[in-house]
Structure formats: structure tokens, C-alpha cells
Amino acid sequence: MRLHWDLTQGYIVRTPKSSTRLITLEFKRGDAASLELVFYADAMPVLLQPGHAIRFALKPKGHYDGEPLVYTATFTENANAKTYTAEPSFNTAALTALFASPNAPDRVDLIGEFSLRNGDDTHGWQSSQTFNVSVINDVIRGQEGTPGAATDAQQSWQWLLASLAAGTNLTFTPNHETRVLTLAAVAGASGNGWSPLFGIVSDGERRLLQLTSWVGGTGDEPQGSGYYLGDAGLVANIGDAVDVRGTSGSNGLNGTNGQSGSNGWSPMFTLINEGERRVLQLTAWTGGTGDAPQGVGNYLGSSGLVTSISDAVDLRGAVGAAGGPGANGLNGINGLDGNHGWTPALALFSDGERRVLQLTGWTGGSGSPPQGIGSYLGVSGWVATAAEALDLRGMQGPSGSTGAAGADVTPITSISFDGTNLTIQTSTGQSFGPFMVKGNDGGNGTNGINGIDGINGTNGWTPVFAIISDGERRVLQLQNWTGGSGSTPGSEGYYLGASGLTPNLYDAVDVRGPRGSDGSAGTPGTNGVDATPITSISFDGTHLTIQTSTGQSFGPFYVRGNDGSSGSTGAPGNDATPITSINFDGANLTIQTSTGQSFGPFYVRGSDGSNGSSGSDGANGNNGWSPLFTAISDGERRVLQLQSWTGGNGSTPGYEGYYLGASGFTPNLYDATDIRGERGSDGAPGADGGNGGSTGADGANGWSPLFIAISDGERRVLQLQNWTGGSGSTPGSEGYYLGADGFTPYLYEAVDLRGASGSDGSNGADATPITNIDFDGSNLTFYTSTGQSFGPFYVRGSDGPPGADGGYGGSNGADGANGWSPQLAIVLDGERHVLQLQSWVGGGGSTPGNEGSYLGPYGYTTSISEAVDIRGSLQPLAPIDNVNGTASLSGSDTVDVAQLEAQIADLQTKLQLVLDRLRSHNLISMS
């Protein structure tokens with residue numbers, strides 16, 4: 001028996017890489033069971049640390065302080081297979097005593113547990129979950145020999161079974177109609193035989209058995225799946241199948257109970273939406289012993305599990321035939337026309353270097369317009385601040401290529417930076433500076449003209465989530481709703497789960513994703529390499545440009561010199577990127593800019609290189625790309641799909657066809673963010689009215705604009721190319737440009753996406769000058785005009801020794817609460833068959849509630865009329881046909897009818913036991 005202990009989750013799971021806890025195990029009394037443990041860390045098999053210890057024990061239920069009935073601490077490690085094997089004995093005196101009674105039980109129920117110390121005595125013990133264990137009574141014991149002669153009653157029973165096993169013909173006469181059932185003879189070859197699995201199907205009023213598959217055998221599987229059970233065996237035609245319901249017969253004699261079999265595995269399904277279809281997906285197996293079946297993640301098809309969701313059976317059934325035309329009712333008054341949808345009027349808004357869209361009004365609709373004027377367009381809908389809005393300018397294009405190496409310039413021997421001023425020393429003894437790195441910030445620009453207020457419409461509600469820590473997990477909690485009107489959908493404080501909002505923290509989805517497995521201890525690192533050397537720094541009196549040995553060029557950075565005399569104001573120029581700080585760690589130089597960029601580290605001074613030829617100017621860098629989105633319908637949801645990029649040159653960023661999710665682009669439609677907000681709750685049913693009048697015309701859908709970015713010299717503006725998503729006539733203005741107050745036909749009135757250049761800041765005061773920097777080839781010393789001396793600093797040290805191997809990973813976190821699994825029953829609602837939630841099993845903490853509710857298309861509902869009709873569910877079996885007259889076995893003596901009736905009654909009892917077992921494992925439910 002192979003068991004799987006997930007050290008990351010802290011308990012034994014049913015199958016590798018699943019999260020379902022093991023609940024029950026079965027063993028045979030008097031045997032030596034073989035236990036094979038496999039340990040997992042982050043879903044990968046691992047070996048335990050040297051000096052580990054493993055223990056296994058079984059005790060009577062409720063006797064936690066008592067002595068074990070079965071115990072072993074001897075587990076053998078197989079390093080290649082990464083398994084730990086032990087053979088505990090189930091032939092102990094204490095266990096035997098539980099079965100020593102005049103009426104020996106079929107089984108005894110115990111509790112079991114594993115415990116582990118992963119390392120030597122310095123490590124603590126950790127235990128698995130406590131699971132239920134059934135020990136089944138033994139049949140073959142000691143020196144039991146050949147049994148004596150059977151009695152007449154035993155003879156007829158055993159003779160009948162032997163005849164059935166020998167493949168003879170069984171003749172019986174239900175409803176005075178003679179039928180012969182021929183059973184195939186048992187093959188004499190070795191190997192496991194195949195057992196048929198039948199499903200009950202309806203044929204009008206008749207109930208038939210259909211062969212769905214074969215299980216338990218070895219070698220080639222028999223043919224016949226999909227056939228029906230007829231009088232003489234399997235038949236292909238449903239009309240030739242035997243009706244298992246028949247008329248009610250008289251009660252036969254009770255047969256002896258058979259021995260209990262091993263626990264079978266019961267599937268746990270989840271209802272999945274696929275467009276208009278509702279299908280079941282297998283999420284786990286429960287209730288069985290031994291290795292669980294495969295197929296988790298597959299879907300329920302017409303003949304079993306299938307891997308493709310398109311082959312899955314739609315639980316909602318086919319659309320029923322249309323009813324005949326009814327009598328014409330009296331014409332009522334005409335209904336009111338529906339409201340037209342509202343189209344947002346957007347204005348381009350500058351937020352520093354970013355360009356975002358602000359909602360200035362609503363147009364084209366009727367009724368009350370939505371709220372939210374003044375909000376901005378974010379990745380998940382409307383947001384309150386410009387900082388949360390989506391930047392339309394796209395990613396920065398790649399830097400232009402660098403020209404060939406130019407002639408060497410005078411080497412810089414040192415650069416000093418005191419937090420405000422920069423001073424440069426060269427190998428010729430020249431000193432430049434101090435230069436003030438950053439001047440005062442310029443004043444704020446004037447506010448743009450406000451757009452015309454639109455008419456308010458009815459807004460949908462957009463959720464506002466916050467990230468909550470749950471131990472190592474990060475989940476989303478619904479804090480509020482924004483942007484809507486009327487009553488909010490509620491559920492504030494709920495968490496985002498796999499199927500929607502949930503009040504239970506442990507049902508919330510971890511947005512951090514699964515933790516990666518621990519890497520093995522790294523080998524000693526190689527000697528560190530030098531940072532990128534600076535080959536030249538050029539200064540034109542205003543700007544500083546840095547060249548590196550890899551051909552990269554950074555800058556120009558506006559350095560700024562001493563204050564000059566006031567002159568006339570020139571035309572505004574484009575400021576270079578200001579340097580905010582320069583860090584020097586004794587060997588390398590790193591530069592931070594006001595845009596958040598970091599350049600370096602650069603090795604301050606390398607050896608002199610040979611003179612190179614003058615290089616040509618590098619090509620201009622590519623223009624940045626702006627995204628073009630299209631709104632896509634996903635059932636009730638509306639998401640944004642990236643169609644193309646515009647306005648740039650060179651290679652596009654890619655991702656065409658991807659969807660806009662909460663964390664960026666995603667290829668999965670179900671990960672895309674719904675821009676429409678959550679659906680509101682259904683209103684209460686209205687009172688019955690009179691005969692309806694003719695239906696009013698549908699309101700026109702609102703139109704959404706599609707823009708492309710247009711170059712106008714140095715300016716970048718938006719041009720309206722088309723409208724999408726609406727109905728009726730479009731708003732027009734195709735080819736117009738987006739201006740400060742709406743659409744304009746004039747290019748010069750369009751808003752520049754790139755923003756105007758900022759004004760120059762005022763001059764800053766000079767800092768304490770550095771009078772000298774001394775560099776002797778190894779050490780750097782700074783001297784200032786105030787007589788202070790800093791240093792010497794060793795510019796570059798030798799390579800450090802290799803780093804030591806990392807230690808073991810941290811200990812496992814505490815177990816999380818078990819998730820709850822629903823137990824559903826099929827309930828009849830007239831001709832409809834629906835699923836009702838009976839209870840929850842397998843979880844920890846409070847249950848999710850909703851017991852007694854029904855499964856609807858959007859979750860649980862208290863109204864049975866709103867539940868999904870799954871149709872085609874199993875119906876109760878009627879008793880088998882009454883057996884009259886006599887029965888005989890071909891080629892054998894006539895059998896007494898009473899004996900045959902007793903055997904058929906026994907088979908009916910066993911069939912009922914099978915149905916009860918299926919119901920107990922939630923495979924079927926009948927009401």
C-alpha cells in the first residue's frame with residue numbers, strides 16, 4: 001500500500017500533487033501489511049534528512065492514551081525510488097482479542113497516525129492527520145482443512161453457483177415468458193478476470209442495464225461497452241434489452257450476507273460553466289482504500305470520464321420540444337421602449353509622464369446616466385485617482401544601438417558626490433566642478449479646461465479588493481463597491497474564491513500561486529566578475545553622458561554648473577533626466593535618476609585602452625508602442641482583448657490576442673478582468689398582470705470608441721478610427737481627433753499625449769567644494785575647502801572566497817483549515833431533476849451554509865424553480881419480474897422454483913446493497 005505524505009501541506013493526501021486528505025484505510029487481520037511512504041515537498045518527492053525516524057500506530061477509537069494494537073518504527077529507505085517501507089503485523093494478541101467473541105465481527109474500526117522526525121534528536125516530531133482504519137476479519141486461518149460434505153440445502157445453492165460459473169444456460173419464466181440467460185464460461189488461463197460495470201438507462205417506461213466499462217482484469221479488455229443486457233447476454237439493439245423493473249414478485253427467502261468488500265473510490269465533482277452548458281469536472285476521489293483511480297481534472301462524458309470539456313455531458317439537457325400554439329390573448333397596451341445604453345465621453349489627462357483617460361460625461365443614452373464623472377479608466381474599471389489609471393503611452397521603446405568606439409578621452413581618475421554636487425578629477429590633474437546635480441523642482445502647470453458635464457446614467461458596481469495575508473497565502477478581500485448607483489451587491493468582507501465570493505477565508509484563492517520547490521544546495525560560487533567598466537564620461541558644460549565598455553550609453557544627465565547672471569528667457573527646452581543620487585561603494589559607481597532608473601554599477605577606472613577609430617552617430621531609438629483594445633463578451637462578462645499596437649516602430653511588445661487581467665496581460669480568457677462589475681441581485685417577482693401587450697423595441701447598445709495614435713511632428717495625438725459594441729447608428733465623428741473638450745476635426749486642436757516640456761528650475765546654492773581628490777592607483781582620498789579629509793578608500797579589492805552552501809529550508813507552516821465538499825442529492829420537481837445541497841463534509845471551521853438550497857446556473861438558490869434541470873438522472877428500481885412455473889438448467893435436472901426464487905431474491909438484495917453503497921459515497925441519490 002503506497003501512501004503520500006505532503007510535507008508542505010502537513011498531511012497525507014489521497015493522490016500525489018492533490019490537496020485532498022486521506023480519510024480511511026483498510027487492512028486484513030492476521031496479515032503482514034506492506035506500507036510504502038513517499039514524502040513530498042512542493043509536489044516533488046524528497047528524501048528525509050539523515051538521522052530521521054518514522055512511526056506508525058493503530059489504537060481503538062477514543063483510546064488516545066492506550067497502548068497501540070499495531071505498531072512499527074522500522075522503515076527502510078530506498079534512496080533511488082525515494083520510498084520508505086515497513087511491514088507492520090496485524091496478527092497481534094491485542095488485535096486478535098477484539099475479534100474473539102461468539103459472534104465475531106466482520107471488521108473493527110480503529111484510528112491511525114504516522115509521526116515523523118525529519119533529522120536527528122535536535123529536530124521535533126510532527127504528526128500526520130488522524131485517519132480512520134477498518135481491519136477486516138480473516139477467513140483463512142491456521143490449519144483449516146477441506147470442508148465436509150454439504151447438506152441438501154447447501155448442495156443446491158453451491159450447485160447453482162457452480163453451474164452459473166460453468167457457463168450453462170439458466171432458464172426462467174417471468175410473466176409466463178420463457179427466457180434463457182447464458183453466462184460465459186470462466187477461462188482457465190491465469191490472470192484477473194474482468195468485471196462489468198453497468199449503468200441504468202431509460203427506454204420509455206422500461207429500465208435497462210447498459211455496459212459502460214470493464215474493471216479489475218488483466219490482459220485485453222473484453223468488447224461490448226455500450227451494449228445492453230438481453231435475455232441471452234449482451235445485445236446491441238436497445239429494443240432487445242431486458243427490462244429490469246418487471247412486475248412485483250413475491251418475497252423470496254433471505255439469503256446470507258456476503259462478506260464486505262474493500263471501500264471503493266467515490267468521485268467528487270464540481271459544476272463548471274462552459275458558455276451555455278453546465279458540465280461536471282472530477283476534482284478528487286474520496287472514501288476508498290489503496291491507490292486512488294486516475295483522471296482528476298477530467299470531465300464526465302456520456303460513457304465515463306473524458307479529457308476534453310467539449311466531450312463532457314451537458315447537465316442541463318437538450319431544449320424541450322416547442323409547445324403548440326395557444327389561443328390568442330387580448331392585446332394589451334404597448335410596453336415602454338427600453339433605455340438606450342450610455343457611451344462614455346473620455347478626455348486625455350496628463351499625470352506627469354503618463355497619459356490617462358478621464359470620464360468627462362456620458363452620451364447617447366436615455367434614462368438616468370451612470371455616475372462616476374471625473375473618474376479615470378483603470379485596468380479593472382473606473383478608479384478614483386489618476387495614479388491608479390491605465391497609462392495609454394505603452395512601454396518605453398528599446399534604446400538605439402551605440403556607434404563604434406571613438407577615440408579615447410582623458411581618463412577620469414575619481415568622481416566625488418556629496419549628495420548635492422558632483423566633482424570630477426582627470427588623469428591630467430584637472431578638476432571639474434562642483435556641479436549641482438539637481439536643481440529645485442519647477443512649478444506645477446496650469447490645470448486644463450474642464451470638459452462638459454455629461455448626463456448621469458445608472459452605473460454598474462465595480463468591486464474594490466484589498467490583499468489580505470493568511471499565513472503564507474495572499475488572498476483578495478472585497479472591501480467596498482464603487483462606481484455604481486442604487487443598492488450595492490453586498491458581501492463586503494467576503495473573499496475571492498475559485499467559484500466567486502465566499503465568506504470563508506480558507507476558501508479564498510491564493511493569488512501568490514503555488515510555492516516553488518526548494519532547490520538543492522548550490523555548489524560554491526565562482527569568483528565574482530568586475531562590474532561594467534566606464535570607458536568615458538563626456539560633459540558639454542550642461543549635460544553629462546556616460547559610455548561603458550559594453551557599448552551602452554547613459555544620459556545625457558543635466559548636471560548644472562554655478563549660477564550665472566540672469567539673462568533673457570529663451571524658448572522652453574527639453575530637460576535632460578536629473579540625477580538624484582550617486583552611490584560609490586569603494587569600487588563601483590551606481591547612478592539613480594528622478595525617473596526611478598538605476599544605471600551601473602560601473603567600475604570607476606580600468607586600464608587604458610588603445611585608441612579606437614571615431615565612431616558614427618548611433619541610430620535614433622524606436623518610438624514607444626500604444627495598445628489598441630477591443631471589448632470581448634465572455635458570457636455575462638465584458639473583458640478587454642489586445643488587438644494590436646500603434647504609434648511605435650521596431651518590434652512590437654507582442655501579446656496580441658491576450659486579455660487584460662488584474663496583473664497585466666494573460667492568455668487565458670477566464671483570468672481577464674471583467675470591466676462591467678459584478679452582476680446585481682435579481683429583483684423580487686412582480687405581481688401578475690393582465691394580458692401583455694406587444695413587446696417594446698430593444699434599446700440600442702452603447703458605442704465604444706477605437707483610437708489609434710497619430711504623429712503630428714513632435715506631438716502624439718489620438719484619432720477616432722471606428723466605434724464598436726453598439727447597435728443602431730454610430731455616434732459618427734470617425735477620423736476626428738481627441739481634444740481637450742471632446743472630438744475635433746482639426747489636428748492642431750488635438751491633445752498631445754506626450755505633454756509639454758517642463759520649465760527650468762531655479763539655480764541652487766553651491767555646496768562645499770572638493771579641493772582635491774587623490775588616487776594612487778589603489779586608494780581614493782577626498783579633500784575639501786574646509787580642510788576635511790575623507791579616505792583613503794580602497795577602490796577595488798581582490799575577489800572574495802566562494803560562499804558557503806545554504807542551510808536546510810525552514811520548518812513547515814501550520815496546517816490550513818480543510819475545505820468543505822458539498823453533498824448533493826437529486827430532487828424531483830415535476831418532470832425536472834435538480835440538485836439539492838444536503839450538507840458539507842471534510843472541512844474545518846464553520847461550513848459555507850446554504851444547506852437545503854438548490855444548484856442554479858450562478859450558484860446556490862433557495863427557489864427550486866431557479867435550479868438547473870440535470871435531467872436523465874437515475875430512477876428507483878422496481879422489483880424484478882415475478883417468477884412463475886418451473887426453471888431448469890440445460891442438460892441438468894429440473895430445479896425447484898422456490899429455490900430459484902430464493903436465488904433471484906438474493907441477487908436483488910445484493911443489487912440493493914450495491915445501490916446503497918453508491919448512495920453512501922454520493923455516487924447517486926434518489927428522491
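These exercises walk through a predicted model, one topic at a time.

The model is predicted: local features need pLDDT of at least 70, side-chain atom pairs count only at pLDDT 80 or more, and totals for chains, interfaces and linings use all residues. Residues are numbered from 1 along each chain as its sequence is written, and side-chain values use heavy atoms, with hydrogens and water left out.

**Exercise 1. State the average pLDDT, then look at two stretches below 50.**

Solution. Start with the term: pLDDT is the predictor's confidence in each residue, from 0 to 100. The protein averages 74. Of the residues, 67% score at least 70. Next, take residues 692-696, where pLDDT is below 50. Beyond near neighbours in sequence, this stretch has 11 contacts in the model (heavy atoms within 4.5 Å). Residues 806-810 also fall below 50. That stretch has 3 contacts beyond near neighbours in sequence. Finally, a caution: where pLDDT is low, predicted coordinates should not be read in detail.

**Exercise 2. Place glutamate 26 and list polar contacts of its side chain.**

Solution. Glutamate 26 sits in strand β3, residues 24-28. Strands are DSSP runs of E, at least two residues, numbered from the N terminus. Is glutamate 26 buried or exposed? Its relative accessibility is 7%, so glutamate 26 counts as buried. Buried means under 20% relative accessible area, exposed over 50%, partly exposed in between (1.4 Å probe, protein chains only). Now the partners. A polar contact is a pair of N or O atoms within 3.5 Å; within protein, one must be able to donate a hydrogen and the other to accept it, and residues adjacent in sequence count only if both atoms are side-chain atoms. The glutamate 26 side chain makes such a contact with the side chain of arginine 107, at 3.1 Å. The glutamate 26 side chain also reaches the backbone nitrogen of asparagine 263, at 3.3 Å.

**Exercise 3. Describe the surroundings of serine 18.**

Solution. First, locate serine 18: the loop between β2 and β3. Second, check accessibility. The value is 17%, so serine 18 counts as buried. Third, find what serine 18 touches. Leaving out residues up to four places away in sequence, the list is Asp6, Gln9 and Val13. Fourth, look at the side chain of serine 18, which reaches the backbone oxygen of threonine 15 at 2.9 Å. Last, compare positions with histidine 4. The two residues are 14 apart along the chain. Their C-alpha atoms are separated by 9.8 Å.

Conventions
Helix = DSSP H or I, 4+ residues; strand = E, 2+ residues; numbered from the N terminus.
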